Amino acid sequence: MYQGKPDNYYFDLSKQFLENAISVNDIELLRDVIRFHEWKYYIKNNPLITDYDYDILFKKLQQLEKDYPELLSSDSPTVRVSTDQVEGFPTVSHLSPMLSLENSYNESDLIDFDKQIKKLTNLPEDALLKYDVEPKYDGSTIVLVYENDVLVRAATRGNGLEGDEITQNTKMIMSVPLKADFSSYGIHKVEIRGEAMIFKKDFNAINEKRLNNNESLFANARNAASGSLRMKDPVEIRNRKLTVVSYQISYCIDKNGDDILKNFETHYETIELLEKLGFKTSLSSSKLCNGINEVIEFCDSMATKRSELDFEIDGMVIKLNDISLQELCGSTLHHPRWALAYKFQALQAVSTLERIEFQVGKFGTITPVAKITPVQLSGVQIQSISLHNEDFIRNKDIRIGDKVIVERAGEVIPYIVKSLSELRTGEEKIIEFPEFCPINNTIVQSKLYKSDDEAAWYCTNCVCGQVSLQKMIFHVSKEGMNIEGLGESLVKKFWELGWIVDISDIYNLDYDMIYALEGFKEKSTENLKNAIENAKSNPIWRFLHSLSIKHLGKKASKLLAQKIDNVWDLANWTEEDFTNIKDIGGSVAKSVMDWMGSDENIALLKKLEQSGVNFLQTDEDKPIQVNTNSEFSGKSILFTGTLNQMNRKVAQELAEKAGAHNISAVSKNLNILVVGEKAGSKLKKAQEIGTIEIFSEDIFIEKMKKSGLL
């Protein structure tokens with residue numbers, strides 16, 4: 001679930017946005033849909049749409065923001081890159097920001113890319129540009145920093161600006177040199193980007209071993225690599241046999257702090273240097289192509305032989321080789337203009353639909369899941385596929401026993417393209433949606449309900465406890481009350497034991513009984529107790545979101561929390577009270593009012609309050625107090641370089657209190673640039689634009705004091 005809404009909600013919205021023109025009134029909803037898909041892809045590793053469809057949505061948002069620049073917001077997906085950041089590791093800033101790559105899917109995209117580069121660099125149309133074409137590895141990005149020839153830090157990609165530090169874990173990867181002779185080339189400090197991955201043979205051996213040990217199998221090599229980077233015991237990483245392929249030098253300075261990356265003439269030279277210094281690179285699988293036609297030929301040849309490679313790839317990356325021309329091309333807020341990802345078409349296979357299982361969500365949504373004869377797609381064994389809802393099944397005429405075409409949409413999520421009706425034998429069975437709850441097998445069964453304006457069926461009177469279970473699972477999750485150590489499996493165990501029936505029971509667990517469970521010790525029991533106790537003090541926006549009130553997402557929960565002193569205040573609110581808040585609509589108002597009008601829910605709130613859960617507005621709930629008289633009011637601001645007197649997050653919060661809004665890149669829309677040490681390219685670009693005010697950290701602090709904020 002994302003922001004309290006089922007996946008089907010975003011899937012249906014995506015389909016609507018892809019098929020129709022988008023009104024400017026829907027711009028924030030479109031942003032939320034894109035954020036959802038980024039979350040599904042980078043956090044949950046389970047995308048719901050293809051890369052191609054995501055790109056279309058993204059471009060539609062870009063066009064809307066171009067047409068209506070006044071609606072561009074600092075938190076729009078177009079002004080940031082996606083994130084794979086997770087909790088549990090220290091966060092560190094990259095030495096240079098990591099942008100995403102624009103995706104292409106056909107020959108015409110590559111030709112347009114070549115034309116655009118010639119236009120940006122003022123070269124004639126018949127010029128033959130050199131491109132370095134490299135495999136697009138299906139792994140997990142890693143960023144390495146060397147100083148004085150020694151590996152000093154490794155991090156995940158994170159949000160492009162900062163990621164999770166994984167230095168100790170990375171030192172266990174044999175393909176990463178702990179020391180390299182950069183100093184012989186005048187390099188004092190360097191940042192290298194690479195891809196951590198597992199070779200096919202090693203991945204298969206790992207899964208075979210796990211199978212013999214009765215352990216769950218990894219879904220694919222990419223997930224195994226990403227999870228391995230974050231293992232708590234670095235020594236265990238050796239058993240995963242991770243390999244890092246280095247593909248870019250992104251930052252490079254000498255002892256004086258001068259940028260010497262510009263001393264290289266071509267990207268290919270930088271990769272050759274890494275190869276000489278002992279790094280594993282893609283040189284043996286790459287090609288330096290002369291002209292875009294040669295690029296197309298090489299991409300086509302790699303597409304046909306991808307299954308023969310020792311590693312998984314999902315496309316090729318095309319990079320303009322000449323570094324001086326790269327600088328002329330520049331970058332957008334989202335991607336460099338001199339590089340492009342060419343994505344291969346999704347792989348397909350034919351399988352048999354053996355049976356259907358129906359699952360129940362936290363809102364009572366009934367989701368049909370197809371169980372197919374296991375089939376391998378791009379190195380992944382597929383045996384379960386969501387069929388979304390009854391309309392999806394009827395529109396595709398899918399039946400039990402059918403031969404079906406299965407593909408991995410975006411090469412990740414499994415999807416049934418169609419049934420092969422011409423192969424039917426007459427033994428196939430039409431899929432009947434249940435009339436009653438598929439989980440509940442008691443005498444008093446729950447009849448399912450479907451409204452005229454929704455595709456999903458719901459169990460609206462759950463008596464078996466499945467809906468409550470799903471609500472409890474969400475309540476303790478990171479999106480909810482964020483109770484560390486109390487995950488889905490543990491919630492299910494406590495529920496099966498009869499210890500918890502609704503979310504209020506979570507705060508009244510018997511820790512002596514938990515301590516007696518197999519696998520629990522004094523320390524782990526104490527940690528769980530402390531985590532639950534700490535959660536009681538959460539801000540009320542988090543508590544509201546955790547209640548699984550339909551349509552009440554994280555953003556709306558925060559907006560409500562800003563307007564109330566106590567959770568109980570909402571029980572007396574009218575629809576007008578809700579809709580008077582910007583970005584709160586009638587659907588949220590009705591849903592919250594209906595929820596607060598339920599005697600059962602009021603009883604639940606009373607139990608939660610009696611258990612010590614915070615119902616009062618905290619400082620985190622309160623809106624930021626903005627000084628509208630400040631000289632920063634209404635202006636855009638950006639911080640670059642290293643700040644010595646405060647960390648960047650504190651500085652950004654101060655700027656917001658002064659009425660400024662933070663943005664992430666230098667452009668003509670930027671009003672103020674605050675520079676710390678080693679400000680780099682952003683300072684240079686701001687100076688070239690000429691209209692941007694440039695402050696030192698000392699001047700920024702002085703002006704904050706003048707505004708009364710320090």
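Asn482 lies in the loop between helices α13 (466-476) and α14 (488-496); helices here are DSSP runs of H or I with at least four residues, strands are DSSP runs of E with at least two, and both are numbered from the N terminus. The structure is a predicted model, in which local features need pLDDT of at least 70, side-chain atom pairs count only at pLDDT 80 or more, and totals for chains, interfaces and linings use all residues. Residues are numbered from 1 along each chain as its sequence is written, and side-chain values use heavy atoms, with hydrogens and water left out.

Although Asn482 is not a glycine, it has a positive phi of about 55 degrees. The relative accessibility of Asn482 is 27%, so this residue counts as partly exposed. The classes of exposure are buried (under 20% relative accessible area), exposed (over 50%) and partly exposed (in between), computed with a 1.4 Å probe and protein chains only. Asp149 is also not a glycine and has a positive phi, of about 75 degrees. Asp149 is found in the loop between β4 (140-147) and β5, and with a relative accessibility of 10% it counts as buried.

The loop that follows β5 (150-156) and leads to β6 (162-164) contains Gly158. At 0% relative accessibility, Gly158 is classed as buried. Gly158 and Phe615 are 457 residues apart along the chain, and their C-alpha atoms are separated by 33 Å.

Phe615 is also one of the residues touched by Val567, together with Ile540, Phe543, Leu544 and Met596, when residues up to four places away in sequence are not counted. Such a contact means heavy atoms within 4.5 Å. Val567 belongs to the loop between α18 (554-563) and α19 (575-579) and is buried, with a relative accessible area of 1%. From Val567 to Glu609 the C-alpha distance is 9.9 Å, while the two residues are 42 residues apart in sequence. Ala571 likewise has its place in the loop between α18 and α19, but Ala571 is partly exposed, with a relative accessible area of 38%. Ala571 and Asp594 are 23 residues apart along the chain, with C-alpha atoms separated by 9.7 Å.

Two helices illustrate how buried residues are arranged around an axis. In helix α9 (residues 267-276), the buried residues are His267, Thr270, Ile271, Leu273 and Leu274. They cover an arc of only 155 degrees around the axis, which puts them on the same side of α9; the arc is that of the directions from the helix axis to the C-beta atoms. The packing partners of these buried residues are the strands β3 (130-137), β7 (189-197), β8 (243-253) and β10 (313-320), and the helix α11 (323-329). Just after α9, Gly278 adopts a positive phi of about 100 degrees.

In helix α22 (residues 648-657), Ala651, Leu654 and Ala655 are buried. Their arc around the axis is only 100 degrees, which places them on the same side of α22. The buried residues of α22 pack against two strands, β21 (636-640) and β22 (661-662), and against helix α24 (697-706).

A further helix, α3 (residues 51-67), includes Asp67. This residue is partly exposed, with a relative accessible area of 45%. Between Asp67 and Pro434, which are 367 residues apart in sequence, the C-alpha distance is 47 Å.

For the protein as a whole, 24 helices and 24 strands are found. The radius of gyration is 27 Å, close to the 27 Å that the globule rule gives for 710 residues, so the protein is as compact as a globular protein of that length. This radius is taken over C-alpha atoms, and the globule rule is 2.2 Å times the number of residues to the power 0.38. Along the principal axes, the C-alpha atoms fill a box of roughly 75 × 75 × 55 Å. Of the 710 residues, 52% are buried. Among contacts with a separation of 6 or more, 67% are between residues 24 or more positions apart.

The exposed area of the protein is about 34400 Å², of which carbon and sulfur atoms supply 47%; accessible areas come from the Shrake-Rupley method with a 1.4 Å probe, and for residues only the protein chains shown count as cover.
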